[in-house]
Amino acid sequence: MQLTKDQIRSQDGNHLDRHNKDYDYLADRLGEAGTDVEGVTDALAAFQVAVPSWALGAGGTRFGRFSFHGEPGSLEQKIDDVGILHALTQTAGAVSLHIPWDTPTDYAAVKQRAENHGLVFDAINSNTFQDQPDAEHSYKHGSLSAGDEGARRQAIEHNLEVIEIGSKLGSKSLTVWLADGTNFPGQRNFQRNLMQTEDSLKQIYAGLPADWKLFIEYKPYEPNFYSTVIQDWGTSFMLANACGERAYTLVDLGHHLPNSNIEQIVSTLMLKGKLGGFHFNDSKYGDDDLTVGSIKPYALFLIFNELVYGMQNNPQNPDLAWMIDASHNIKDPLEDLIQSLEAIQEAYAKALLVDQNRLAAAQRDHDVVACQEILQDAYRTDVRPLVQRARLSRGGALDPLRAYRGLDVRNLLIRERGKHTVATGL
Ligand code: PSV
Ligand code: MN
């Protein structure tokens, strides 16, 4: 299924008038204050976030899963779903695959399908946190950190195979998230685990094509609850340095202990040129994988403020691979993703409004009150007309959620796919 530009335009209706008035008012106000409004909308229009192939079906917990009808039952249909998101929002121009959940069978057809939707394949993800039915070795006691050489070799080879799959699709980076760790004190030796992991990652790194990057994700707990081998950004950073220049840390918003200062982590990594990828979600308690911006929008803004600062001041840091990494337990996954994409754009827009020169001057003067005012002035601005204008400039919907509902997309998908399809993933 593919939405046409005409279908999308038909949903703007008479709301365009309101938008134009709102935009003119805001552009006038911001322009007077010295903001390059066109520069901001151009940056917003260029900003693209990858949608993971496992986020298009209903999520669940270990207590259950409530299916959502019309879910994509194949990789091709998942790509169609991302195509729908991109057509509406014009900000979801990439897909991130998880292998083996979404191993293509017909590469040429999958590539063509993505191209038809204007999508590219971003970072590809390996999976050594689940045993596959045909696997010779189990990951129950570790994968890249495993003491059992057979399991470790299998995990390394899986990652090398994922690189090969990604190469055929045009991906340029591999994300490794390692579930390895322990549930009980004394269960395994910390130092041996870390050394084995470093050795495994170096072997994977050695298999990277010259134009590829390796992203190392960290997480303090889950599925292991006493320790994880790559528990924090420091461990990831250390491993990335040990691997080499094209290995980077990946920050997932949900992978921090409560109250961690994520904006400072981002800032430090960008200064060192080692922030490679970023996973968006939101949480109240842990790795809740809730809709981006639904719980702590101000924290998201502060993080974006450091990301923008880094993008403007740290040429030593590469362009980032952005991805949504959330779960949709009770919402229509596509509606939830539209909400996440909107929240990302809003936080980015607000961060772009921060007057960095005034902030630097206030910092020099130790004017703490002014520093806070400058940040909060940007945060309190209703930037939605800017986000809308950026979207419209690329042919997206004025209001993607309204258009999605107005076009009755979910019911069209149910009619096409049936009620009981189930998307692969967690
Ligand atoms: C793990 O919690 C994670 O954040 C990793 O990025 C995985 O690839 C993804 O979620 C899906 O399980
Ligand atoms: Mn993640």
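**Exercise 1.** Find the residue that follows helix α14, and state the sign of its phi.

*Solution.* Gly395 comes after α14, and its phi is positive, near 90 degrees. Helices here are DSSP runs of H or I with at least four residues, numbered from the N terminus. The model is predicted: local features need pLDDT of at least 70, side-chain atom pairs count only at pLDDT 80 or more, and totals for chains, interfaces and linings use all residues. Residues are numbered from 1 along each chain as its sequence is written, while chains are lettered from A and ligands numbered from 1 in the order in which they are written.

**Exercise 2.** Decide whether helix α14 is mostly covered or mostly open.

*Solution.* Start with the test. A residue is buried if 20 or more other C-beta atoms, placed from the backbone, lie within 10 Å of its own; it is exposed if 12 or fewer do, and partly exposed in between. Now apply it. Helix α14 spans residues 384-393, and seven of its 10 residues are buried. Among them are Pro385, Leu386 and Val387. So the helix is mostly covered. Next, find the partners. The buried residues pack against α2, α3 (37-46), α4 (75-89) and α11 (333-353).

**Exercise 3.** Is Glu32 buried or exposed?

*Solution.* Locate Glu32 first: it lies in helix α2, residues 15-32. Then count. Glu32 has 8 other C-beta atoms within 10 Å, so it is exposed.

**Exercise 4.** How far apart are Glu32 and Leu334 in sequence and in space?

*Solution.* In sequence, Glu32 and Leu334 are 302 residues apart. In space, their C-alpha atoms are 38 Å apart.

Conventions:
Helix = DSSP H or I, 4+ residues; strand = E, 2+ residues; numbered from the N terminus. Contact = placed C-beta atoms within 7 Å.
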